[in-house]
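Dear colleague,

I am passing on the structure we spoke of, and below it you will find my notes on what came out of it. Please read them with the model open beside you.

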Amino acid sequence: MNNLSQKKILLIICGGISAYKSLELIRLLRKQDVEVKTILTKSAKEFVTPLSVASLSQGKVYDDLFNAKNEAEMDHISLSRWADVILVVPATANTISKLSAGSSDDLASTVILASDKDIFLTPAMNVRMWEHPSTKQNLNKLKSYGYKIIGPEIGDMACGEFGEGKMTEPKNIFQTINEYFGELNKNKRLKALITAGPTKEYIDPVRFITNKSSGKQGYALAKSLAKRGFQTTLISGPTNLQIDDNINLIKVETADEMFKATQENLPADVAIFSAAVADFKVKEKKNEKIKKQDHLSLELEKNIDILNYVSKHNSLRPKLVIGFAAETNNIQENAQKKLIEKNCDWIIANDVSNNSIGFDSDFNEVSIFYKDKEMINEKLAMKKKSEISEEIINRVIKQLN
Ligand code: PMT
């Protein structure tokens, strides 16, 4: 099935012997009505000519960062925004190294650094270069930034050696990109709702009860969902975070406001409750600032449990309801209890007694508990919250499909 029609692909060709294969990829993409613009690095021009690339792509070939005519037509920032995805074919060891260092000393690296789109790298190099620890480290870094890697394969190389490092064949690169857009198109029909961040429960006009949640985990989940095509609504308590324009952000302060916003934004296909909602609110919020006094007693009352409410109301209940459990002890026991009591499909538990993960950290380590699976739990080892989110959303997509 052709999922590529009318898509816009920016193809960056780097200087390696397999650069010639990018011509075949252009041909395959053009056959499916893909609009292709290309950037040739300086060394790529040693392997393929701008003329052959232009003839096949029937589009403009860019090669120079400091080109007044090109910048006037489409500047390098607009070029990175124009594309639906960026493909780097072949991705040489040098390009991989430059990208992992965040260099921007030519048009290709500048456009990539300025891009907010998914970027696919198709590595191609000699087996020793591929196996070198610095290449491995650079690639791991790029993967943690969200770069997608296609290949390489094992096989005979142009240099006469045999091993891993051979670029994936154009038809297989094409297939991967076609599947990527296929999934995106499918997910576009699905709605996701995420709660994130803390809530503020006011005592008086200037004082409130809150917690350490930064919203980072929930925002990362929303970003992953939106990137994979979901219509995403993020209901967020107070945070200092920014979010992409393609996410419907609803800002709230209190648990009551979060509850109302949640109800107003259902139905959804999947709902993920990552907010650290205050369990209690002050029974009588004072309208004026409380004066200094020797003792102050506050009567608290329970807030509504949003997750519990949504998962037990059939008319509102999304197909997939995922809760989080922030635990400091007896993680497994407490998480399983919440899974059942709150009628979730999955509970994602994190250990918040450890300051290097969980609340306000860029990292997390989680265990996923499934209602309908025999296995007790599935652990995702410590990594950036953006990576944890990608892994969770991979599982969400698999489940919904
Ligand atoms: O925001 P960060 O700094 O990135 O930190 C991430 C996190 C640690 C806050 C996050 O990973 C997390 O664990 N979120 C859930 C925190 C929490 O309140 O857990 P809980 O065990 O108290 O609640 C269980 C579940 O019920 C949660 O899904 C919670 O959103 C939900 N809940 C709880 C109370 C309430 N009144 N309404 C709810 O919906």
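Sorted by class, the shell around the ligand consists of 12 nonpolar, nine polar and seven charged residues. Please keep in mind throughout that this is a predicted model. In total 28 residues surround the ligand, and the closest of them are Ser214, Phe273, Ala275, Lys338 and Asn350. Helices α10 (216–227) and α12 (306–312), together with strand β17 (320–327), each supply at least two residues of this shell, and β17 gives the most to it, with four residues.

As for polar contacts, a polar backbone atom of Ala275 is 2.6 Å from an oxygen atom of the ligand, and a backbone N or O atom of Phe324 lies 2.9 Å from a ligand oxygen. With Lys385 the side chain is involved, since one of its N or O atoms is 2.7 Å from an oxygen atom of the ligand. Taken alone, the ligand exposes 770 Å², of which the protein buries 96%. The space that the ligand takes up is the second largest pocket.

Two residues deserve a separate note. Asp345 is placed in the loop between α13 (331–341) and β18 (346–351), and because its relative accessibility is 12%, under the 20% limit, Asp345 counts as buried. The side chain of Asp345 makes a polar contact with the side chain of Arg317 at 3.1 Å, and it also reaches the backbone nitrogen of Val321 at 2.7 Å.

Asn364, for its part, is found in strand β19 (residues 363–370); with a relative accessible area of 1%, Asn364 is buried. Its C-alpha atom and that of Gly59, which are 305 residues apart along the chain, are separated by 44 Å.

Turning to the protein as a whole, there are 14 helices and 20 strands, and the C-alpha atoms fill a box of roughly 80 × 50 × 40 Å when it is taken along the principal axes. Of the 401 residues in the protein, 49% are buried, and both Asp345 and Asn364 belong to that buried part.

If you look at one thing, I would suggest the ligand and its surroundings, where the backbone of Ala275, the backbone of Phe324 and the side chain of Lys385 each place a polar atom within 3.5 Å of a ligand oxygen.

With best regards

How values were computed:
Residues numbered from 1 in each chain as written. Predicted model: local features only at pLDDT ≥ 70, side-chain atom pairs only at ≥ 80, totals over all residues. Heavy atoms only, no water. Near = heavy atom within 4 Å. Polar contact = N/O pair within 3.5 Å; in protein donor to acceptor, adjacent residues only side chain to side chain. Areas by Shrake-Rupley, 256 points an atom, 1.4 Å probe, with all protein chains shown as cover. 1 Å grid on protein atoms, 1.4 Å probe; cavity = no way out; pocket = protein on both sides within 12 Å on 5 of 7 lines; lining within 4 Å. Sits in = over half its atoms within 2 Å of the grid points. Nonpolar A, V, L, I, M, F, W, Y, C, P; charged D, E, K, R; others polar. Buried < 20%, exposed > 50% of the residue type's maximum accessible area, 1.4 Å probe, protein only.
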